[in-house]
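Reader: I should like to work through a model feature by feature. Please give the general idea each time, and then the case at hand.

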Amino acid sequence: MKLNYTLFLFLSLIFLTTGTNATKSTNILPSRESWSNDELDLANTAKHVDYLSKEEKNIIFYMNLIRIDGTKFFNTYFQDFMRDHNKRMQKYSNYKDLKINTYDSYYRGLKEDLKKVKNYELYYPDETLTFLALSHGKDMKRHNLAAHISSDGRTMYDRLSKYFPRHAMAENLAFGFAKGLDNVCMLLLDKGVPDLGHRKNMLNTSNGLNTVGVSIQSHPTYTYSATIDFVGIPKHKN
């Protein structure tokens with residue numbers, strides 16, 4: 001059986017405008033032993049919200065762990081993900097194309113990029129932004145889309161700027177994964193994306209992106225879609 005690489009389709013978009021810019025998480029892999037309780041709790045900014053699923057909360061949790069210590073994330077959770085991903089891909093005839101290779105330029109580039117990441121500002125969930133991500137995910141499901149453009153022709157900026165005018169904003173889309181860690185790591189690796197747009201969005205510091213909306217939805221072609229919307233709000237109120 002051959003799996004078409006389009007299953008692992010990713011889309012990213014960033015738009016800048018003038019203006020102001022647990023408790024341990026559930027479903028954490030054994031790599032948590034390398035992280036202190038304080039670090040795990042600090043990263044879990046979505047632990048108290050009731051409008052996100054467990055895996056949606058995990059997307060925020062893992063993105064925050066990256067921003068707390070990029071090298072530690074690469075050496076722990078990303079390695080766990082890579083081993084599991086490569087094992088799952090072995091059943092496909094084009095396994096060599098699907099596997100994550102440690103000699104690949106994207107893998108090596110990610111390792112270098114994450115060396116620079118330490119104690120970045122964290123991401124916090126927002127209910128309005130989550131509603132917007134949810135709406136786009138449902139729209140892609142309903143119309144079998146895989147794009148930043150909605151079925152009615154609206155762009156990411158059109159959708160987000162109505163509620164967050166004059167703010168920096170960005171959007172990551174991933175397809176084919178139900179789990180938060182899978183979505184985060186594949187977007188972070190950004191294999192096949194020359195401009196590394198998803199990675200840049202998650203590691204962004206220059207545009208003040210600190211608030212996120214997340215939605216994982218079913219999808220008729222790719223089984224799942226994940227929408228992550230980012231907005232920069234100068235002084236976040238938790």
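Author: The turns below take up confidence, overall make-up, nonpolar cores, aromatic pairs, one strand residue and backbone angles.

Reader: What kind of model is this, and what is the mean pLDDT of the protein chain?

Author: The model is predicted, and confidence is therefore the place to begin, since pLDDT states the predictor's confidence in each residue. Here the protein chain has a mean pLDDT of 89, with 87% of its residues at 70 or more. Residues 17-29 stay under 50, and for them the model has 41 contacts beyond four places in sequence.

Reader: How many helices and strands are there, and what percentage of the residues count as buried?

Author: The protein chain contains ten helices and five strands. It has 238 residues, of which 53% count as buried. About 11200 Å² is exposed, and carbon and sulfur atoms supply 50% of that area.

Reader: Which residues have the most contacts inside the largest nonpolar core?

Author: The general idea is that, in soluble globular proteins, nonpolar side chains tend to be buried together. In this model the largest nonpolar core has 49 residues, and M63, L65, F73, F78 and F230 have the most contacts inside it. Helix α2 (residues 54-68) contributes the largest share of this core, eight residues. There is also a second, separate core of seven residues, with L132, M156, F164 and M169 among them.

Reader: How many aromatic pairs does the structure hold, and how should one of them be read?

Author: One reads the distance between ring centres together with the angle between planes; planes under 30 degrees apart count as stacked, over 60 as edge-to-face and the rest as tilted. The structure holds ten aromatic pairs. For W35 and Y77 the ring centres are 6.4 Å apart and the planes stand at 35°, so this pair is tilted. W35 lies in the loop between β1 (10-15) and α1 (37-43), whereas Y77 belongs to helix α4 (residues 77-89), so the pair ties together parts 42 residues apart in sequence. Both W35 and Y77 are buried. A further tilted pair is that of F175 and Y222, at 5.4 Å centre to centre and 55° between the planes. Since F175 is in strand β3 (residues 169-175) and Y222 in the loop between β4 and β5 (223-231), this pair ties together parts 47 residues apart in sequence. F175 is buried at 0% relative accessibility, and Y222 is buried at 14%.

Reader: Which residues form one aromatic cluster with W35 and Y77?

Author: F61, Y62 and F73 join W35 and Y77 in one aromatic cluster. F73 also appears among the residues with the most contacts inside the largest nonpolar core.

Reader: Is Q217, in strand β4, buried or exposed?

Author: The cut-off for buried is under 20% relative accessible area. Q217, in strand β4 (residues 211-219), has 14% relative accessibility and so counts as buried. Its side chain makes a polar contact with the side chain of S215 at 3.0 Å. Leaving aside neighbours within four places in sequence, Q217 is in contact with L134, G137, K138, T223, Y224 and S225.

Reader: Where do N119 and D190 lie, and is each one buried or exposed?

Author: Each deserves a look at its backbone angle as well as its setting. N119 has a positive phi of about 55° although it is not a glycine. This residue is in the loop between α6 (105-114) and β2 (124-125), and N119 is exposed, with a relative accessible area of 60%. D190, likewise not a glycine, has a positive phi of about 60°. D190 is placed in the loop between α9 (180-189) and α10 (197-202), but D190 is buried, with a relative accessible area of 0%.

Notes:
Residues are numbered from 1 along each chain as its sequence is written. This is a predicted model: local features need pLDDT of at least 70, side-chain atom pairs count only at pLDDT 80 or more; totals for chains, interfaces and linings use all residues. Side-chain values use heavy atoms; hydrogens and water are left out. A nonpolar core is a set of buried Ala, Val, Leu, Ile, Met, Phe, Trp, Tyr and Cys residues joined through side-chain atoms within 4.5 Å. Buried means under 20% relative accessible area, exposed over 50%, partly exposed in between (1.4 Å probe, protein chains only). Helices (H or I, at least four residues) and strands (E, at least two) are DSSP runs, numbered from the N terminus. pLDDT is the predictor's confidence in each residue, from 0 to 100. Contact means heavy atoms within 4.5 Å. Accessible areas come from the Shrake-Rupley method with a 1.4 Å probe; for residues, only the protein chains shown count as cover. A polar contact is a pair of N or O atoms within 3.5 Å; within protein, one must be able to donate a hydrogen and the other to accept it, and residues adjacent in sequence count only if both atoms are side-chain atoms. Rings of Phe, Tyr and Trp (its six-membered ring) pair if their centres lie within 6.5 Å; planes under 30 degrees apart count as stacked, over 60 as edge-to-face and the rest as tilted.
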